[in-house]
Amino acid sequence: MQGLMQFHPLMISSAIEFAALYHGDTEVVSRRVEGDIHRSNYATINRRAKQVAQALDALGLAQSARVGTLAWNGYRHFELYYGVSGSGRVLHTLNPRLHPEQLAWIVNHAEDEVLAFDMSFLPLVKAVASKLPTVKHFIALCDAAQLPADSGIPNLQSYEAWLAPNGGDYTWPVFDENLAAGLCYTSGTTGHPKGVLYSHRSSMLHALASAATDVIGICSRDTVLPVVPMFHVNAWGLPYLMPMVGAKVVFPGAALDGKSIYELFESEGVTMSAGVPTVWQMLLAYMDANQLKLSTMKRTVIGGSACPPAMLDAFRDRYGVTVNHAWGMTEMSPLGTFGTLKGTQLHASADAQRATLLKQGRAVFGVDMKIVDGEGHELPRDGVAAGDLMVRGSWIIEQYYRGEGGSILDADGYFSTGDVATLDADGFMQITDRSKDVIKSGGEWISSIDVENIAMAHPAVAMAACIGVRHPKWDERPMLVVVKKPNVEVSAQDILHFYEGKIAKWQIPDAVQFVDAIPLGATGKMQKTKLREMFKEFTLSA
Ligand code: AMP
């Protein structure tokens with residue numbers, strides 16, 4: 001017997017429609033790339049998102065066509081989130097920090113038909129426009145008056161001129177909730193990045209689950225400033241969750257330095273924020289140096305990389321701000337675990353509570369987790385045994401875009417995260433190592449293999465391994481370990497110069513160490529764990 005309840009597909013557009021109806025005058029404030037502060041509200045965002053949908057219809061864009069965005073956190077990007085996905089197209093958020101070649105590769109792989117970009121990325125778009133054959137429409141996120149007369153970009157239009165002919169008299173369509181809504185590429189360990197294709201259903205279930213009090217738990221009385229970029233896993237789902245609960249929104253634009261963030265926190269009465277440790281490092285340094293206090297901030301979510309213990313202490317002890325340590329992945333929309341204490345832990349000693357909160361967080365309903373040994377056998381949830389962390393759930397990847405990488409789930413439907421972790425009986429997960437060969441610097445991935453391949457092309461290098469080493473500001477930075485060819489002279493500087501122009505500047509290693517040999521395993525593979533162990537005390541200076 002089937003249940004006798006209604007079925008309504010989960011549509012992303014329902015979040016903004018709801019916010020417009022019941023929180024229409026709730027503000028959406030943005031620091032624009034132009035530098036000024038712009039004020040909007042949910043009613044206006046919904047109307048303008050509908051204008052975006054109409055503008056896409058006018059271009060004749062088919063269902064599931066990809067619309068790329070190269071933009072910071074701001075109201076126009078927010079409108080595109082809804083206008084693109086809400087009308088049945090796919091919002092493809094691009095990471096502007098990538099090397100232009102890599103960016104072009106991703107746009108071509110996704111076959112984006114429209115590219116909407118902030119004016120600060122005009123030089124970048126100019127440099128790659130001729131290499132993007134599928135992009136037929138370039139939209140600059142600005143007023144008509146700001147559009148340069150001769151941009152060199154074909155068919156360039158300003159966003160405002162593009163929207164203007166459309167009145168916003170539009171009803172959000174309802175379609176299959178499993179249709180693609182968003183696309184985000186993640187740097188893989190091998191060669192090219194891979195696309196993660198979110199559906200309406202997965203994004204809405206993720207938002208509903210993250211609304212729980214023990215999870216992100218924001219509400220209509222909150223003012224939320226997402227520091228995490230909208231090009232990083234949909235700013236951790238906040239653009240969907242904030243309108244669902246009617247929270248006031250503050251978008252920081254391109255200014256992510258400590259001073260700019262602090263000023264917005266204070267001037268807009270921000271109560272909750274979210275971002276990677278590097279931005280909090282900058283905010284804490286600025287507040288410490290200027291002896292400032294936070295008057296409205298209550299809570300911040302820190303994830304993307306491990307939250308350093310001193311950061312949790314500083315926020316709590318000096319600023320009265322609760323830190324929730326969270327963990328997730330692009331492949332998980334991204335939420336996997338979230339750090340809040342359970343009732344039974346409230347009476348534990350301060351040290352024990354701190355140790356618990358420094359773990360990567362606690363299981364969230366909707367995400368099944370297990371840890372396994374090398375043979376795939378499940379290990380106990382005892383907080384001691386460490387194994388490969390596997391996840392499964394309704395907002396977790398089934399396969400990469402266009403089937404890249406083939407079948408990625410185990411026999412029980414679990415996805416391997418590439419993180420090595422412990423799990424305990426309360427659901428707390430702690431990362432102890434990483435089995436994937438990547439480095440995360442300031443929240444951005446660097447592929448060790450790409451770095452090694454370039455080094456191997458240097459005439460004096462016999463073998464090269466790239467590993468992450470600790471860094472006080474960026475958490476991790478790449479270091480190259482090199483075995484020289486016999487009887488050749490080469491300096492660290494020579495090798496570092498060799499990288500120029502080949503990868504983005506921030507992906508170039510910070511240091512080169514010469515060794516006689518790199519440890520190899522039985523199959524001839526470089527043993528990175530041994531190398532990481534060898535250099536574990538090595539810390540780069542800021
Ligand atoms: P991304 O797909 O860019 O979001 O990166 C996901 C990966 O970042 C995870 O698999 C972890 O390796 C790492 N990561 C995310 N959050 C944390 C955290 N709180 N602590 C340590 N590593 C993290």
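**Why these terms apply: strands, burial and salt bridges**

Q: Which residue is the bridge partner of Val482 in β25?
A: In β25, Val482 has Phe514 as its bridge partner. This is a predicted model, in which local features need pLDDT of at least 70 and side-chain atom pairs count only at pLDDT 80 or more, whereas totals for chains, interfaces and linings use all residues. Residues are numbered from 1 along each chain as its sequence is written, and side-chain values use heavy atoms, with hydrogens and water left out.

Q: What makes β24 and β25 a pair, and which way do they run?
A: Two strands pair if DSSP finds at least two bridges between them, and strands are DSSP runs of E with at least two residues, just as helices are runs of H or I with at least four, all numbered from the N terminus. Strand β24 (residues 475–484) is joined to β25 by 4 bridges, so the requirement of at least two is met, and the two strands run parallel.

Q: Why do β23 and β25 stand at the edges of the sheet?
A: The open sheet has 3 strands in the order β23-β24-β25, with mixed pairing. β23 (461–471) and β25 each have a single partner strand, so one side of each has no neighbour in the sheet.

Q: How do you know that β3 and β4 pair?
A: Strand β3 (residues 66–70) and β4 are connected by 4 bridges in the parallel sense, which meets the rule of at least two bridges. Gly68 stands opposite His92 in β4.

Q: Why is Arg89 called buried, and why is Asp57 called partly exposed?
A: Buried means under 20% relative accessible area, exposed means over 50%, and partly exposed lies in between, with a 1.4 Å probe and protein chains only. Arg89 has a relative accessible area of 4%, so it is buried, while Asp57, at 39%, counts as partly exposed.

Q: What makes Asp57 and Arg89 a salt bridge?
A: A salt bridge is a side-chain nitrogen of Lys or Arg within 4 Å of a carboxyl oxygen of Asp or Glu. The closest N and O atoms of Asp57 and Arg89 are 2.8 Å apart, so the pair satisfies that limit. The pair links distant parts of the chain, with Asp57 in helix α2 (residues 42–58) and Arg89 in the loop between α3 (75–86) and β4, 32 residues apart.

Q: Why does the pair of Asp313 and Arg354 tie together parts that are 41 residues apart in sequence?
A: Asp313 and Arg354 meet in a salt bridge at 2.8 Å, N to O. Asp313 belongs to helix α12 (residues 309–319) and Arg354 to helix α13 (residues 350–358), so the pair ties those parts together. Asp313 is buried because its relative accessible area is 19%, whereas Arg354, at 26%, is partly exposed.

Q: How do you know that Asp368 forms a salt bridge with Arg392?
A: The closest N and O atoms of Asp368 and Arg392 are 3.0 Å apart, which is within the 4 Å limit. Asp368 lies in strand β17 (residues 367–372) and Arg392 in strand β18 (residues 386–393), 24 residues apart. Asp368, with a relative accessible area of 34%, is partly exposed, and Arg392, at 32%, also counts as partly exposed.

Q: Why is Lys505 called exposed?
A: Lys505 has a relative accessible area of 75%, so the value passes the cut-off of over 50%. Lys505 is found in the loop between α15 (492–498) and β25 (511–514).
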